[in-house]
Amino acid sequence: MTSDVLWRNTNTGEVDTWLFNNGQVSGGRSISSVSSAWQFAGIGDFNGDGTSDVLWRNTDTGEVDTWLITNDQLAGGAAVGFASSAWQQIAEGDFNGEGTSDVLWRNTNTGEVDTWLMTNGQVAGGSGIGFASTAWQCLGAGDFNADGTTDVLWRNMNTGEVDTWLMTNGQVTGGTAIGWQFAGIGDYTGNGTSDVLWQNTTTGEVDTWLMSNGHIIGGSAVGQASSAWRPTT
């Protein structure tokens, strides 16, 4: 399977495809057009036929529609629900492991995260699955534990911590902090320039970024500190 590219003309609303083969554009066509009221909301296989489809949201009414694609043509689609401006679409993936892409939403006012579980191009279920404050940015979705279900990756924009939400049957069933977390700032070489300290939340390794003239000039592992330990300055 090869990924292709979807384009939209911001002046006319025309939507075109570029079809790829061996890293080159091998074809494509205009498939339809949308008015400026419609905002691109995501791509996924919403009817389980093996071809990616397109999700749109009307910024005036909140209506959410699918474009179901077959053989590089618009083959169908329908209104599937409504989402007010408070709801931000943040990811698509198969969150319940049944072979069809679903949609993940976050309420920008409350932090609530909800799923729309899709079957045959329609919303067949879904629920609130958790909360994520505005400090957390969704980085995307992928199957991080190889169980056949799409999971969610988050990053805390204040601390740098990266966390997973592991999904089963459309619900969060686990997860953990992964990767590097911001741990502090200080002049660790005594040269008059502030440097950056990082902590690996999985291994406990603590590293420095040594800075000069606004650039990283070096750094190294300087110690170990388990996740129970956090710097106070």
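Rings of Phe, Tyr and Trp, the last represented by its six-membered ring, are taken to pair if their centres lie within 6.5 Å. On this criterion F40, W56 and W67 form one aromatic cluster. The model in which this cluster occurs is a predicted one, and the structure holds seven aromatic pairs.

Among these pairs, that of F182 and W198 has ring centres 6.1 Å apart and planes at 85°; since planes over 60 degrees apart count as edge-to-face, the pair is assigned to that class. F182 belongs to strand β20 (residues 180-186) and W198 to strand β21 (residues 195-200), so the pair ties together parts that are 16 residues apart in sequence. The two partners are assigned to separate burial classes: F182, at 28% relative accessibility, counts as partly exposed, whereas W198, at 15%, counts as buried. W198 also forms an aromatic pair with W209, with 4.9 Å from centre to centre and 55° between the planes, and this pair is tilted. Because W209 lies in strand β22 (residues 205-212) and W198 in strand β21, the pair ties together parts that are 11 residues apart in sequence. W209 itself counts as partly exposed, at 38% relative accessibility.

W209 is also one of the residues touched by G218, the others being T208 and L210, when residues up to four places away in sequence are not counted. G218 is placed in strand β23 (residues 215-218) and counts as partly exposed, with a relative accessibility of 28%. Between the C-alpha atoms of G218 and R8, which are 210 residues apart along the chain, the separation is 43 Å.

At the level of the whole protein, the secondary structure comprises 24 strands and zero helices. Taken along the principal axes, the box filled by the C-alpha atoms is roughly 65 × 40 × 35 Å. Of the 233 residues, 40% are buried. Among contacts between residues at least 6 apart in sequence, 27% join residues at least 24 apart. The accessible surface comes to about 12400 Å², and carbon and sulfur atoms account for 49% of this area. The protein carries 6 positive and 25 negative charges, and the mean positions of the two sets are 7 Å apart.

In soluble globular proteins, nonpolar side chains tend to be buried together. In the present model, the largest nonpolar core has 14 residues, and those with the most contacts inside it are L104, V113, I129, C138, V152, W154 and W165. Two or more residues of this core are given by each of the elements β10 (87-93), β15 (136-142), β16 (151-156) and β17 (162-168). Apart from this core lies another, of 11 residues, which includes F46, L55, V64 and V80. Within the largest core, W165 is one of the residues with the most contacts. With residues up to four places away in sequence not counted, W165 touches V113, I129, G130, F131, D151, V152, W154, V172 and G174.

Several asparagine residues in loops were also examined. N22 is found in the loop between β2 (14-21) and β3 (24-27). Although N22 is not a glycine, its phi is positive, at about 55°. With a relative accessible area of 73%, N22 is exposed. N120 is likewise a residue other than glycine with a positive phi, in this case near 55°. The loop that contains N120 runs between β12 (112-119) and β13 (122-125). N120 is exposed, its relative accessible area being 60%.

N47 occupies the loop between β5 (38-44) and β6 (53-58). The relative accessibility of N47 is 21%; because buried means under 20%, N47 counts as partly exposed. The residues touched by N47, not counting those up to four places away in sequence, are D53, L68, T100, N120 and G121. N120 is thus a contact of N47 as well as a residue with a positive phi. N47 and I69 are 22 residues apart in sequence, and their C-alpha atoms are 9.6 Å apart in space.

Terms used:
Residues are numbered from 1 along each chain as its sequence is written. This is a predicted model: local features need pLDDT of at least 70, side-chain atom pairs count only at pLDDT 80 or more; totals for chains, interfaces and linings use all residues. Side-chain values use heavy atoms; hydrogens and water are left out. A nonpolar core is a set of buried Ala, Val, Leu, Ile, Met, Phe, Trp, Tyr and Cys residues joined through side-chain atoms within 4.5 Å. Buried means under 20% relative accessible area, exposed over 50%, partly exposed in between (1.4 Å probe, protein chains only). Helices (H or I, at least four residues) and strands (E, at least two) are DSSP runs, numbered from the N terminus. Contact means heavy atoms within 4.5 Å. Accessible areas come from the Shrake-Rupley method with a 1.4 Å probe; for residues, only the protein chains shown count as cover. Lys and Arg count as positive and Asp and Glu as negative; His and the chain ends are not counted. The place of a charge is taken as NZ of Lys, CZ of Arg, CG of Asp or CD of Glu. Rings of Phe, Tyr and Trp (its six-membered ring) pair if their centres lie within 6.5 Å; planes under 30 degrees apart count as stacked, over 60 as edge-to-face and the rest as tilted.
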